[in-house]
Amino acid sequence: MLGSVSSLPQQPQRPPSSGHMVVCGDDTLARRLAVELRYVYGERVTLLVPPGRDTRRPELPLTQRARAGALFGRMSAAMSRNGGGGDGDTNAGVEAVRIMEAHEPSDEVLEDAGVDSAAALALVYDDDELNIRAALTARRLNPRLRLVIRLYNRKLGQHLEALLDQAAAVSVPGLDAAAMDASTTVLSDADTAAPALAATALTGSSKVIQAEGLLLRAVERTPPRPGELADPGLCTLALLSSTSQDPAGAEGSDSSGDEGPQLLPDRATVNAATGRGTIVLEAISQAGPDRAPTRMGGRGAPLGTVFSRRLRWSALGVAAAVVALAVASVITTGDSPVHAAYLTLLDLLAMGDPAVEDTDTDSRQIIQLLSGMAGLLLLPLLVAAVLEAFGSFRNASSLRRPPRGLSGHVVLLGLGKIGTRVLVRLRELDIPVVVVEEDPEARGIPLARSLHVPTVLGDVTQEGVLEAAKIRRARALLALTSIDTTNLEAALYARSLKPDLRVALRLYDDEFATAVYRTLRTAHPGALTRSRSVSHLAAPAFAVAMMGRQILGAVPVERKVMLFAALEVSGHPQLEGRTVDHAFRAGAWRVLALDATPPADRLPDLAAAPPYDPLGPAGPGAPDRPSGLVWDLHPGYVLRPEDRVVIAATRRGLAELLRGQRAGARR
């Protein structure tokens, strides 16, 4: 079933021509991805969505077609205000988005969508099994098709990627290495967005991109005080909307205009923007091995995992009493310490050795009476220890409750796909977390149990749930459920309990997020509020993978996104033959580093070669230069066709680079 978008006047619904893009999905990521491909990259797009209302996502008040139409309409208006988003071809302004409706991507549906002649297909359903089934079908229909698959299971994704690449190689013998490398890409929106969402909980935190063996660290620097100079790092990637007078800023997005942040500013703009917050590139290096998330165990582990602190203190008190009685026996009777301790234990355990002999003194009898009384205290202590031990072993798989003295932690609301990945990220950073989840069968509950993360089961909109999570002593709240209104309600209630709490919300709609931000900032000017959209963070990675190239990662700059990518200079007229300084285009892209490894020795891993010291003015063209990653490039170095570079780019800037490469290939 085909549908048109009423808000776009030019919507010819004819069968797609060769080289178009197909997006199949059932949630916001599919719609956001279609918008990205059409209005940023200028591609012809077919969007396949389930018909009518999506019953699995009851929080969406609109039908799939109506919601897509509203989104396309807003994006179209924004692009028209900014001068259009075509690729320069005469038909760029005529072709738009073709919408199809089907319950699932069967063979017939994929054929109707034109997969057999398409350049790329994105399968972004929220069901891993459905995506895998459709990917196998699409590979059979079109062996040359670029597949971008959304999978939550990373290990399964690696096996699937190898299988589909092998199928393409068998079906199309002689497929070149570049096409094979981009043939299948498995991505996870949760993995893409989790680092950015975790970073919103930390003031001035590092934004780390780790991919392809490369680690890039961008740091958010707060606005400097009058008379202070901010550390510029390696380079300034963005100017934030926050200033010395307004530390909260405007939390701007692509539609914020001058009020929003400025990405990739030139040196003159940076020098003129005194008193503004910045994001600077601090380091580029090889990535180390991933560190496993740590458990949040008790202070007295391993006994702390079995016996409570109160019971341990009681046992310590009884032991101190036994030692004191033994010492008193040695002092009063003159007995040896070993024999005195032995008699004290007999009395303590009521084993019977009454002091009724003529040689026994009054002090010995008093000590025996006190030992008997201590023995009475020991009996309930032993019973309590046995009961607690059995209870601890029986409840070893149960959820841990927030400890009484916990403070400075992050309250994480929601343990779905996104919340689970954010939890792992926070624990990798050794940040204490308390989780709030309504569904005891949620995806992330087993992980929280295994990591001993304190968890509160309950509806966050009910009174007492956030109090149980110790929200009054928390440093931040991350509201990451899939329902915008639930996240907003949790944020408002948390602010009523702690007005200066740092809050980060998962919100889909930019206009709604802007209204929420402005209201919360007006009501609580001293507290920081941040909002992020998972689909907005993940869509650029999926879009670039469909264009034939996988980006290294994305960094959120307020509600904008900055991309990091590795590109071959060959075929990019904006880079080839230009110096590093002249290749820089403010607000579009910037060359950050060079892979100096000879092309014949390059591996898929960008940072496979060992690093070496930054080069001076001679540049990497000097004879006998070593291999590795050069991050401190001389501005006068001329980029050669065989070079591979790491760039930072805006979404529109990267789209322009890719369009320029395609235009050069056609010529």
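These legends accompany several close-up views of a predicted model.

**Overview. A protein of helices and strands.** Before we zoom in, here is the setting for the views that follow. The secondary structure comes to 19 helices and 23 strands. Of the 667 residues in the protein, 50% are buried. Among the contacts with a separation of 6 or more, 76% join residues 24 or more positions apart.

**View 1. Helix α7 is largely enclosed by the rest of the structure.** Helix α7 covers residues 189-199, and 8 of its 11 residues are buried, so the rest of the structure largely encloses this helix. If you would like to find the buried residues one by one, they are Asp 189, Ala 190, Ala 193, Ala 194, Ala 196, Leu 197, Ala 198 and Ala 199. Do also look at the N-terminal end of α7, which is capped by Ser 188. A side-chain oxygen of Ser 188 lies 3.3 Å from the backbone nitrogen of Ala 190.

**View 2. Helix α7 meets helix α17.** Here we stay with α7 and bring in α17, residues 534-546. The two axes come within 9 Å and cross at roughly 125 degrees. That angle makes α7 oblique to α17. The crossing of this pair is right-handed. On the α7 side, the contact involves Asp 189, Thr 192, Ala 193, Ala 196 and Leu 197. Their partners in α17 are Val 534, Leu 537, Ala 538, Ala 541 and Phe 542. Sorted by class, the contact of α7 with α17 has 8 nonpolar, 1 polar and 1 charged residues. Asp 189, Ala 193, Ala 196 and Leu 197, already seen in this contact, are also among the buried residues of α7.

**View 3. Helix α1 crosses helix α17.** The next partner of α17 is helix α1, residues 28-39. The axes of α1 and α17 come within 9 Å, with a crossing angle of roughly 55 degrees. At that angle, α1 is oblique to α17. As α1 passes α17, the crossing is right-handed. Helix α1 contributes Thr 28, Leu 29, Arg 32, Leu 33, Glu 36 and Leu 37 to the contact. From α17 come Ser 535, His 536, Ala 538, Ala 539, Pro 540, Phe 542, Ala 543 and Met 546. The contact of α1 with α17 divides into 9 nonpolar, 3 polar and 2 charged residues. Two residues of α17 to look for in both views are Ala 538 and Phe 542, which take part in the contact with α7 and in the contact with α1.

**View 4. Ser 533 and Gly 548 sit in the loops on either side of α17.** Ser 533 lies in the loop between β18 (529-532) and α17. Its relative accessibility is 4%, so Ser 533 counts as buried. Beyond its neighbours within four places in sequence, Ser 533 is in contact with Arg 32, Leu 507, Tyr 508 and Arg 559. Arg 32 is familiar from the previous view, as one of the α1 residues that meet α17. Gly 548, in turn, belongs to the loop between α17 and β19 (553-557). With 25% relative accessibility, Gly 548 counts as partly exposed. Gly 548 and Arg 146 are 402 residues apart in sequence, yet their C-alpha atoms are 7.2 Å apart in space.

**View 5. Helices α4 and α5 run roughly parallel to each other.** Helix α4 spans residues 128-141 and helix α5 residues 154-171. They pack at an angle of about 10 degrees, with their axes 10 Å apart. The pair is therefore roughly parallel. From α4, the contact takes in Ile 132, Ala 135, Leu 136 and Arg 139. From α5, it takes in Leu 156, Leu 160, Leu 163, Leu 164, Ala 167 and Ala 168. By class, the contact of α4 with α5 has 9 nonpolar, no polar and 1 charged residues.

**View 6. Asp 430 and His 452 have positive phi values.** Asp 430, a residue other than glycine, has a phi near 60 degrees. Look for Asp 430 in the loop between α12 (417-428) and β14 (433-437). Its relative accessibility is 44%, so Asp 430 counts as partly exposed. His 452 has a phi near 55 degrees, again a positive value in a residue other than glycine. His 452 is found in the loop between α13 (445-450) and β15 (455-457). At 23% relative accessibility, His 452 counts as partly exposed.

Methods. Residues are numbered from 1 along each chain as its sequence is written. This is a predicted model: local features need pLDDT of at least 70, side-chain atom pairs count only at pLDDT 80 or more; totals for chains, interfaces and linings use all residues. Side-chain values use heavy atoms; hydrogens and water are left out. Buried means under 20% relative accessible area, exposed over 50%, partly exposed in between (1.4 Å probe, protein chains only). Helices (H or I, at least four residues) and strands (E, at least two) are DSSP runs, numbered from the N terminus. A polar contact is a pair of N or O atoms within 3.5 Å; within protein, one must be able to donate a hydrogen and the other to accept it, and residues adjacent in sequence count only if both atoms are side-chain atoms. Axes are lines fitted to C-alpha atoms, for helices over the stretch in contact, and angles run from 0 to 180 degrees between N-to-C directions. Angles under 35 degrees count as roughly parallel, over 145 as roughly antiparallel, 65 to 115 as roughly perpendicular and the rest as oblique. A crossing is left-handed if the near helix is turned anticlockwise from the far one by less than a right angle, and right-handed if clockwise. Contact means heavy atoms within 4.5 Å. Ala, Val, Leu, Ile, Met, Phe, Trp, Tyr, Cys and Pro count as nonpolar, Asp, Glu, Lys and Arg as charged, and the others, Gly among them, as polar.
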